[in-house]
Amino acid sequence: MIYTVTFNPALDYVVTVNHFTPGRVNRTIRENIFYGGKGINVSALLANLGYQSTALGFVAGFTGDEIERGVKKLGFQADFIKAEKGMSRINVKLKSDEESEINGMGPEITAGDVKALFEKLSHLEQGDVLVLSGSIPACVDEDIYERIMEMLDGRGIRIVVDAEKDLLLNVLKYHPFLIKPNNHELGQMFGVTDEDIAAYAGKLREMGAVNVLVSMAKDGAILVAEDGSIYRQGVARGTVRNSVGAGDSMVAGFIAGYLETGDCRYALKLGTACGGATAFSDGIGTKQDIMELMETL
């Protein structure tokens, strides 16, 4: 089974306004609501490819109820923990001449809520896949990724981590199966330029990661695999309509490709197609769009 963890799921209210003007009444010309959060995005893309997963995390309030209801329509299971205080976020994403975002706070997550999450994770078994992605809410200890991986260490669970800087660096000692920084995050970690990407991705592997996948937007992606092989993949071609969830879709595609074939090169190609399909859509990429892009890579 594949499990994803989203600590702070959200309803993403995405609106488009022609020439937004501050201080005036602005009317939308297009609006959508998506069920947001990096782990939820991973689960949604996996479902489009026919892979079952269970989404874990914390929800609260009427917005949390809607997230629980909505993700089931996306084709995967949810086993969220209901926090008692606050409500799940509504994030407003404004598309106009410039893009702007207002992100909500999310619920108050207690020590008891965290304990309940650890209880659920304690039942994972050898061969399961666990995806930890995104930032940590202020009310949760920053070492929670480390604590989760310490608890599961040595149990044959493939753990994927998609997080920034210290959240990522601090878990390398537990040998995550896959990490996915982008080129800017890699540069922040080591103070390097784009020319050094492959070398420093290799350094992350030496520091403990099994596979290191670095996404580079228009420049494609680089994978440093478990055996030290370096694979480069060009970007899928299309018109970008939506950058939200593209990286998560790449992660999901890599997982699906690897589970299907055990071939890192194929997994990289499928991950690239999945990321592109989402970037070229208003929401998460469909299987049809993904397969069409696969033919072009």
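**Cores and helix packing in a predicted model**

I'll start with the interior. The largest nonpolar core has 43 residues, and those touching the most other members are Phe7, Leu130, Ile144, Tyr145, Ile148 and Val161. Helix 4, residues 144-152, is the top contributor to this core, with five residues. There is also a second, separate core of 36 residues, with Leu178, Ala221, Ala246 and Ala273 among them. Please keep in mind that this is a predicted model.

Let me stay with helix 4 for a while. Its buried residues are Ile144, Tyr145, Glu146, Ile148, Met149 and Leu152. So Glu146, which counts as charged, is on the buried list along with its neighbour Tyr145. What covers these buried residues? The cover includes helix 3, strand 9 at 129-133, strand 10 at 158-162 and helix 5 at 165-169.

Take Ile148 on its own. Leaving aside residues up to four places away in sequence, Ile148 touches Phe7, Phe118, Leu121, Leu130 and Leu132. Just after helix 4 comes Gly154, with a positive phi of about 80 degrees.

Now the first helix pair. How do helix 3 and helix 4 pack? Helix 3 covers residues 111-121, the angle between the two is about 30 degrees, and their axes lie 11 Å apart. The crossing of this pair is right-handed. Helix 3 brings Val114, Phe118 and Leu121 to the contact, and helix 4 brings Ile144, Arg147, Ile148, Met151 and Leu152. By type, the residues of the contact are seven nonpolar, no polar and one charged. On the helix 3 side, Phe118 and Leu121 are also on the list of residues that Ile148 touches.

The other pair is helix 9, residues 264-279, and helix 10, residues 287-294. Here the angle is about 125 degrees and the axes are 8 Å apart. Why do we call helix 9 and helix 10 oblique? Because an angle of about 125 degrees falls outside the ranges for roughly perpendicular, 65 to 115, and for roughly antiparallel, over 145. This crossing is right-handed too.

From helix 9, the contact residues are Tyr266, Lys269, Leu270, Ala273, Cys274, Gly276 and Ala277. They meet Asp289, Ile290, Met291, Leu293 and Met294 of helix 10. The division in this contact is nine nonpolar, one polar and two charged. Ala273, on the helix 9 side, is one of the residues in the second core.

Methods:
Residues are numbered from 1 along each chain as its sequence is written. This is a predicted model: local features need pLDDT of at least 70, side-chain atom pairs count only at pLDDT 80 or more; totals for chains, interfaces and linings use all residues. Side-chain values use heavy atoms; hydrogens and water are left out. A nonpolar core is a set of buried Ala, Val, Leu, Ile, Met, Phe, Trp, Tyr and Cys residues joined through side-chain atoms within 4.5 Å. Buried means under 20% relative accessible area, exposed over 50%, partly exposed in between (1.4 Å probe, protein chains only). Helices (H or I, at least four residues) and strands (E, at least two) are DSSP runs, numbered from the N terminus. Contact means heavy atoms within 4.5 Å. Axes are lines fitted to C-alpha atoms, for helices over the stretch in contact, and angles run from 0 to 180 degrees between N-to-C directions. A crossing is left-handed if the near helix is turned anticlockwise from the far one by less than a right angle, and right-handed if clockwise.
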